[in-house]
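The following exercises concern helix packing, aromatic pairs and solvent accessibility. Each task is followed by a worked solution.

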Amino acid sequence: MTSDYDEVTQRYRLQETVGSGGFAKVKLATHILTGEKVAIKIMDKRALGDDLPRVQTEIKAMKELVHQHICTLYEVIETSNKIFMVLEYCPGGELFDYIVAKDRLKEDEARMFFRQIVSAVAYIHHKGYAHRDLKPENLLLDEDQSLKLIDFGLAAKPKGGMKEQLETCCGSPAYAAPELVSGKTYIGSEADIWSMGVLLYALLCGFLPFDDENVAHLYKKIQKGEYEEPRWLTPGSRQLLKQMLQVNPKKRITMKELLKNPWLLQGFDVPIDWESKCEKEQLNADCVTEMAVFNNVSRKEMASKIKKWEYDETTTIYFLLLANKYNGRTLRLPLRT
Ligand SMILES: COc1cc(O)cc(Nc2ccc(C(=O)Nc3ccccc3)c(OCCC[NH3+])c2)c1
């Protein structure tokens with residue numbers, strides 16, 4: 001009887017569990033062939049029940065969303081009872097813990113992180129998706145202290161495009177937009193802007209703009225949209241928060257305006273670069289060559305195999321080689337003996 005773990009343990013050495021949520025747990029692992037570390041999200045199909053479609057949604061979204069500030073999906077292994085998502089290794093912990101440890105961030109550091117968050121969300125919106133669960137717990141730091149957005153289980157790509165109204169109420173209350181908690185239909189991208197406003201407030205203040213143990217009272221506060229402005233907030237950040245935390249979504253700042261907001265540009269003077277640096281369309285020639293030699297096939301053959309994006313071992317090896325190119329490490333595939 002092949003166990004559900006046979007295929008994954010052939011290629012990965014499973015290590016400690018670093019996270020467990022409702023119907024999933026995340027284990028660290030090492031990709032045996034390359035020695036590279038990864039994270040593997042393990043879900044039991046039976047336990048998923050009617051949440052299974054959410055996993056399909058997330059996997060479909062992850063295959064389209066490849067970006068320097070989004071945790072990369074490398075591979076999906078499905079067995080009779082389990083689904084394994086092999087994911088990018090983000091050892092820097094959650095942004096949430098980082099803020100708590102520092103009480104609150106200085107404006108420059110908050111801006112540096114927030115620019116990365118805006119970059120990731122602008123890219124997702126450009127691809128026609130809304131994340132719908134933006135919060136510090138869903139932002140991990142990688143080994144270079146840069147942010148990676150995770151958990152697209154609630155991401156939506158409305159069929160009719162980003163203008164189509166969404167109705168499912170989801171995400172975490174404290175970060176949810178007023179129109180969402182009022183049960184009205186809403187535009188995903190507009191709700192994401194509100195959540196980013198709550199995120200920016202948390203970065204700059206170290207606590208939430210709207211908070212209450214009683215969810216009904218919390219909803220009331222969100223719908224009122226009134227929040228404290230601690231005296232340490234600068235005029236520029238107060239102005240931006242006011243534009244993002246607009247109760248009326250039609251009055252809320254748009255992504256286009258956000259990308260050129262003066263507070264976000266301060267000290268950088270270049271617009272936020274939201275384009276993906278690692279799009280799948282353009283393969284990295286060095287990685288193709290390295291893999292062609294390793295597999296003893298022509299570069300042309302190797303390129304067309306990678307371009308199928310089957311999210312199998314080939315995809316994993318390509319992405320791991322690419323990641324190493326980016327952070328200057330040269331990963332050499334061991335020549336097959
Ligand atoms: C698209 O990326 C996703 C989607 C998703 O549904 C879940 C996750 N979750 C992840 C991914 C990576 C890690 C991770 O690398 N953690 C880690 C690494 C080294 C040391 C300690 C933790 C992850 O960690 C979960 C616990 C974080 N507090 C979750 C990504």
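**Exercise 1. Classify tyrosine 201 as buried or exposed, and then describe its pairing with phenylalanine 207.**

Solution. The model is a predicted one.

Step 1. Tyrosine 201 has a relative accessibility of 1%. Buried means under 20%, so tyrosine 201 counts as buried.

Step 2. Phenylalanine 207 has a relative accessible area of 38% and is therefore partly exposed.

Step 3. A search of the whole structure gives twelve aromatic pairs. In the pair of tyrosine 201 and phenylalanine 207, the ring centres are 5.9 Å apart and the planes stand at 70 degrees. Planes over 60 degrees apart count as edge-to-face, so this pair is edge-to-face.

Step 4. Tyr201 and Phe207 also belong to a cluster linked by ring pairs, together with Trp194, Phe210, Tyr227 and Trp232. Over the face of tryptophan 232 lies arginine 104, at 3.7 Å from the ring centre.

**Exercise 2. Determine which parts of the chain are tied together by the pair of tryptophan 309 and phenylalanine 319.**

Solution.

Step 1. The rings of tryptophan 309 and phenylalanine 319 are stacked, with 5.4 Å from centre to centre and 25 degrees between the planes.

Step 2. Tryptophan 309 is in the loop between H13 and helix H14 (313–326), whereas phenylalanine 319 is in helix H14 itself; the pair therefore ties together parts that are ten residues apart in sequence.

Step 3. Tryptophan 309 is buried, at a relative accessible area of 14%. Phenylalanine 319 also counts as buried, at 4% relative accessibility.

**Exercise 3. Establish how the axes of helix H12 and helix H13 are oriented, and which residues make the contact.**

Solution.

Step 1. The axes of helix H12 (residues 285–295) and helix H13 (residues 299–306) approach within 8 Å and cross at roughly 110 degrees.

Step 2. Angles of 65 to 115 degrees count as roughly perpendicular, and H12 and H13 are therefore roughly perpendicular to each other.

Step 3. H12 contributes Ala285, Val288, Thr289, Met291, Ala292 and Asn295 to the contact, and H13 contributes Arg299, Met302, Ala303 and Ile306. By class, these are seven nonpolar, two polar and one charged residues.

**Exercise 4. Locate asparagine 284 and identify its contacts beyond its neighbours within four places in sequence.**

Solution.

Step 1. Asparagine 284 lies in the loop between helix H11 (262–265) and H12. Its relative accessibility is 22%, so asparagine 284 counts as partly exposed.

Step 2. With neighbours within four places in sequence left aside, asparagine 284 contacts Tyr318, Leu322 and Lys325.

Step 3. Asparagine 284 and lysine 325 are separated by 41 residues in sequence and by 9.3 Å in space, C-alpha to C-alpha.

Technical notes
Residues numbered from 1 in each chain as written. Predicted model: local features only at pLDDT ≥ 70, side-chain atom pairs only at ≥ 80, totals over all residues. Heavy atoms only, no water. Axes fitted to C-alpha atoms, helices over the stretch in contact; angles between N-to-C directions. Helix = DSSP H or I, 4+ residues; strand = E, 2+ residues; numbered from the N terminus. Parallel < 35°, antiparallel > 145°, perpendicular 65-115°, else oblique. Contact = heavy atoms within 4.5 Å. Nonpolar A, V, L, I, M, F, W, Y, C, P; charged D, E, K, R; others polar. Phe/Tyr/Trp six-rings, centres within 6.5 Å; stacked < 30°, edge-to-face > 60°. Buried < 20%, exposed > 50% of the residue type's maximum accessible area, 1.4 Å probe, protein only. Lys NZ or Arg CZ within 6 Å of the ring centre and 35° of its normal.
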